[in-house]
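User: I would like a close look at one part of this model, and then at how the rest of the chain is arranged around it. Please keep it plain.

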Amino acid sequence: MAEDKPWALISKIGDEGYHEDFVAILNKHFQIVCHGEFLQNPLLYGPKIQVMFSFDCRPAAEPSLLKSLPSLKAICSGGVGFDHLDVPFINSMGVKVTNTPGVVSDTTADMAMALLLASARKIVEGHQISLDPKTTYTPQSLMGVEVTGATLGIIGMGKIGFKIAQRSKGFDMKILYHNRNRRSTEDEQATGASYCDCLDDLLMRSDFVMVIVNLTPETTGLIGHRELSLMKPTATLINISRGLVVDQDALVKALQSGTIRAAALDVTYPEPLPRDHPLLGLPNVLLSPHAGARTYNTIKKIIEMMVDNALAVVNGKRVPNEITPKVMT
């Protein structure tokens, strides 16, 4: 019965929230309340809510909200990154934090390759030319760059980075990578990847630079003026990590001046960008709205994993994907 289900807070249902199919998954195990409904009567709902599902960083886990949820036991975040959550503060309130690692690796790697290929071969521009009723010929400006045999530099060779390397090998790309820790000999041989101990070396040698790191104090602004100046003028920067990993002001200047050829970004800061942001008007920029994990099957798996994490916390069982100080380091 619904009365026996634990209560959970979600953002909303619909285009800006949860697909109806995924709401059905939540409803099997939880009595859910949308954030807007909660705000209309926080005194009624606040004491009941034991779980907050955070998807697309919503609802925002602000202290004022958390303090109005005295029975809260878990914040279950969808996806791998948890930089939007103040985990130490949340833990200090006796609330566990979970994420959904691993499930997004394949689909994010697919998106990374899609951005690389679309930027290299000017797929979006070609589509627009094909649709234009004035088109009578293919302009020389549609000339792309070669992917086969090109050098790909991967910054961050974790699960997603490794899967990108696997896919890139199929294009006969030369693969370099820079990571906090070198991968095993077996991993390097499986992908044909070569380790670059020095990031500068990777930047100078790569035709495509792929950024796939977690956002931490150390990686914030990792790619700035100096790093962009080291890249080839024919190189493309691809960012599928977090917007703040790249200094966007420096990137705009590099793209405007021809310091690098192009950029393909699935992430920006903020998201979405202000409608007058210069990145939106540059012809050598390809933008995607943080859609790396957005396939039906992957989102379904994410929701199911969020539910499993939440049920484990509520029922006092071992939590499969709890974010702990060890995970954060």
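Which residues does isoleucine 160 touch, not counting residues up to four places away in sequence?

Analyst: The model is a predicted one. Leaving out residues up to four places away in sequence, isoleucine 160 touches Val104, Ser105, Thr108, Ala109, Ile212 and Ile240. Isoleucine 160 itself sits in helix α8. Its relative accessible area is 17%, and the limit for buried is under 20%, so isoleucine 160 counts as buried.

Some of these contacts belong to a helix pair. Helix α6 covers residues 105-120 and helix α8 covers residues 159-169. The two pack with their axes 9 Å apart, at an angle of about 50 degrees. An angle of that size is neither under 35 degrees nor within 65 to 115, and α6 and α8 are therefore oblique to each other. Their crossing is right-handed.

On the α6 side, the residues that meet α8 are Ser105, Asp106, Thr108, Ala109, Asp110, Ala112 and Met113. On the α8 side they are Lys159, Ile160, Lys163, Ile164, Arg167 and Ser168. Sorted by type, the residues of this contact divide into 5 nonpolar, 3 polar and 5 charged. Ser105, Thr108 and Ala109 appear both among the α6 residues that meet α8 and among the residues that isoleucine 160 touches.

Alanine 120 gives a sense of distance along this part of the chain. Isoleucine 160 and alanine 120 are 40 residues apart in sequence, and their C-alpha atoms are 21 Å apart in space. Past helix α6, lysine 122 lies in the loop between α6 and α7, the latter being residues 123-131. The phi of lysine 122 is near 55 degrees, a positive value in a residue other than glycine. Most residues other than glycine have a negative phi.

Val104, one of the residues touched by isoleucine 160, also leads to valine 80. Leaving aside neighbours within four places in sequence, valine 80 is in contact with Asn99, Thr100, Pro101, Gly102 and Val104. Valine 80 lies in the loop between β4 (74-77) and α5 (87-92). With a relative accessible area of 29%, valine 80 is partly exposed. Valine 80 and glycine 102 are 22 residues apart along the chain, and 7.5 Å separates their C-alpha atoms.

A second helix pair can be set beside α6 and α8. The axes of helix α1 (residues 20-27) and helix α13 (residues 296-314) come within 10 Å and cross at roughly 20 degrees. Angles under 35 degrees count as roughly parallel, which makes α1 roughly parallel to α13. Here too the crossing is right-handed. From α1, Asp21, Phe22, Ile25 and Leu26 take part in the contact, and from α13, Tyr296, Ile299, Lys300, Ile303, Glu304 and Val307. The residues of this contact divide into 7 nonpolar, no polar and 3 charged.

Some backbone details come next. The loop between β3 (49-54) and α4 (63-67) holds proline 59. The peptide bond from arginine 58 to proline 59 is cis, with omega near -5 degrees. Cysteine 57 is found in the loop between β3 and α4 as well. Its phi is near 65 degrees, a positive value in a residue other than glycine. Cysteine 57 has a relative accessible area of 40% and is partly exposed. Another cis bond runs from tyrosine 269 to proline 270, again with omega near -5 degrees. Proline 270 lies in the loop between β11 (262-265) and β12 (285-287). Most peptide bonds are trans.

The cysteines close the account. A disulfide requires a pair of cysteine sulfur atoms within 2.5 Å, and by that rule the count is 0 disulfides. Cysteine 34 is in no disulfide, and the nearest cysteine sulfur, that of cysteine 76, is 17 Å away. Cysteine 34 counts as buried at 18% relative accessibility. Cysteine 196 is likewise in no disulfide; the nearest cysteine sulfur belongs to cysteine 198 and is 8.1 Å away. At 2% relative accessibility, cysteine 196 also counts as buried.

Key: Residues numbered from 1 in each chain as written. Predicted model: local features only at pLDDT ≥ 70, side-chain atom pairs only at ≥ 80, totals over all residues. Heavy atoms only, no water. Buried < 20%, exposed > 50% of the residue type's maximum accessible area, 1.4 Å probe, protein only. Axes fitted to C-alpha atoms, helices over the stretch in contact; angles between N-to-C directions. Helix = DSSP H or I, 4+ residues; strand = E, 2+ residues; numbered from the N terminus. Parallel < 35°, antiparallel > 145°, perpendicular 65-115°, else oblique. Left-handed = near helix turned anticlockwise from the far one by under 90°. Contact = heavy atoms within 4.5 Å. Nonpolar A, V, L, I, M, F, W, Y, C, P; charged D, E, K, R; others polar.
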